Amino acid sequence: MSEFLQQLLNGLSLGAIYALIALGYTMVYGVLRFINFAHSDVFMVGAFLGYYLGKLVPEHTIWGGLAVLAVSMIGCAILGMTIERLAYRPLRSAPTLNVLITAIGVSLLLEYTGQVFFGAAPRNFPSIFPVRNFSFGSVIVTSNQLIVIAVSVVLMIVLQLIVYRTKIGTAMRAVSLNPKAAALMGVNNDVVISFTFGLGSALAAAGGILYALNYPSIDPLMGVMPGLKAFVAAILGGIGNIPGAALGGLILGTVETFVSGSQWSTYKDAIAFAILIIIMLFRPAGLLGKFTVEKV
Amino acid sequence: MIKALRFTLLPVLAAALAAAAVAQDPIKVGEFASLTGKEAAFGQSSHKGTLLAIEELNATGGVLGRQFELITEDNQSKQGESATIVKKLISRDQVIALLGEVASGRSLEAAPIAQNYKIPMISPSSTNPKVTEMGSYIFRVCFIDPFQGTAMAKFGKDTLHLKKIALLTSVSSPYSVGLAKYFKETFAKIGGEITIEQKYSEGDKDFKAQLTAIKAANVDGIFVPGYYTEAALISKQARELEMDYPIFGGDGWEAPQLIEIGGKAMEGTYYSTHYSPENTSPGVQSFVKKFRARFAGEIPDAMAALGYDSAMVLADAIKRAGTTDHSKLRAAIAATKNFNGVTGKTTIDSNRNATKAAVVITVKDGAFKFVQAINP
């Protein structure tokens, strides 16, 4: 039983990170109807910003950790908006496929520029937050796991408030529903799309730092696998759907952890992706997504 | 008539010119290494050792009156990359021999190509037995995993007094799978018990799930036959789960990054390797001194020592062969006997492997400390 609870906790803290990254994929898809493949590399840049900023603040302090988190999120928000402005906006009226290929290009650009600037060798991420272990019976919770879950929950609530309770959130939903109609109603689409990218990238940065806190070895290609998993999580929950992305991330993280802890650990990715295929067969729009017929 | 003369003379002239050019041409040695990427620490160390050896040889006039030219290519620690760069080294750079790799998986990629082109290849520190089984042109200057696995199983049973052990193996690395196999065989034979076996893949970062399962199995030690990045993360996460028993592994752990990434979690972990810079023999100490002078005070690890030895064994063989002709050079390397290197005496056996002693290293107060030597 205690093994089950421990695995569940391990899975939730991994899933929370997947969820944070998945939110970025899903928001951009919701507004622009395309997959931003560079998202997983913004995640990597977030972790590296955290690495350099972490050297400026004293280790093991809550304010230091939060400051690193905040500055890195702002940095990545700017990066995300820049990518959108330079790479995607000029292609706004082009077919989706063109933007998709550009996204892959931007992704590779970030990865290999990262190798030039940061070097390809893995680096040790500093422990910016206080480190403590809490034992509940035989279940052990590390402070990092708590931070991951707490930060993720807070960020998801904030995101939900922004999307449903603010003017810019309403504009985002309007653009998502119908960009032309939104523009006719006086919504500045450019600002809204830019904001969406900023928001998604900030979440990716938070995910990157939380990931690096738990698995403190970072390198320029660190975003590839978590990015892929988060992409799957976003589809699993229903792409374009914000609670769906969170749910998908948690499911994927938990399943992966339980499979890793069993004797079939070698097949953990295979099983995770098999579940995706099964869900897609029965619910083509994802768990919380609505199936809509594409109008031609 | 003139035409015929031209046809017969030209090749002769060209051959003569080529021969004259060869006499002054440097001896080209190809090195493929993981200079960047996940196992960059291995490639960097090994490369520095090899470079030091080549520079030293050139400073003393080279071999057969010719200087050495080391051509190094990076495989970025990636699968598939070694095959490409080795082909390039052989066909475009026309190297006479290949030095590399540390990781057995990448040596296994290059070996069939070297064998095919009949270019002698010396692996400095790939320990998987399969590497030299790839063909008669493939050699190594280090011990092999059956010995290393046996040595660590005995060390775990007799020195650490462990009875129930968990194995955590990387399924995507031939090195890890091989070492785990030999460890398991011996440990069971000498009366120990492998209670649980868990697996991971190269590049994984989350091991909590496997470790939680291991914790539930009530073992008193974990054997991790993997590479340093994963070994450090595994130790760190095991300590977070309050698993305080010994964690130990093989020579894949040998890198400063082990302590950098693992930090305090590495205290009380052990691994086997090929040499210790603490060895007081004059050969080792003079190597450490030369290495530190050349590379800004850095203390050479086992990969550096083996990188150095691999180049020296090659140079010695060229000297004895008196030529860089492939098949003669091959025979000379195969005949290497009692060559005095930094990592001990190298004798190449009939399976083209070297038999050498292993040393066990532990981490104490954030530094590597010599524990004991295990003789074959």
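Student: How many residues does each chain bring to the contact between chain B and chain A?
Tutor: Two residues touch if their C-beta atoms, placed from the backbone, lie within 7 Å. Here 27 residues come from chain B and 21 residues from chain A. Keep in mind that this is a predicted model: local features need pLDDT of at least 70, side-chain atom pairs count only at pLDDT 80 or more, and totals for chains, interfaces and linings use all residues. Residues are numbered from 1 along each chain as its sequence is written, with chains lettered from A in the order in which they are written.

Student: Which element gives the most to chain B's side?
Tutor: Elements are DSSP runs numbered from the N terminus, helices being H or I of at least four residues and strands E of at least two. On the side of chain B that touches chain A, α8(B) gives the most, with six residues. Elements giving two or more residues there include α2 (40-59) and β7 (193-200) of chain B.

Student: And what is the strand order in the open sheet of chain B?
Tutor: Strands pair if DSSP finds at least two bridges between them. This open sheet of five strands runs β2-β1-β3-β4-β5 (chain B), with parallel pairing. At its edges sit β2 (68-74) and β5 (138-140) of chain B, each pairing on one side only.

Student: Where does Val29(B) fit in?
Tutor: Val29(B) stands opposite Leu70(B) in β2(B). Strand β1 (residues 27-33) of chain B pairs with β2(B) in the parallel sense, over seven bridges.
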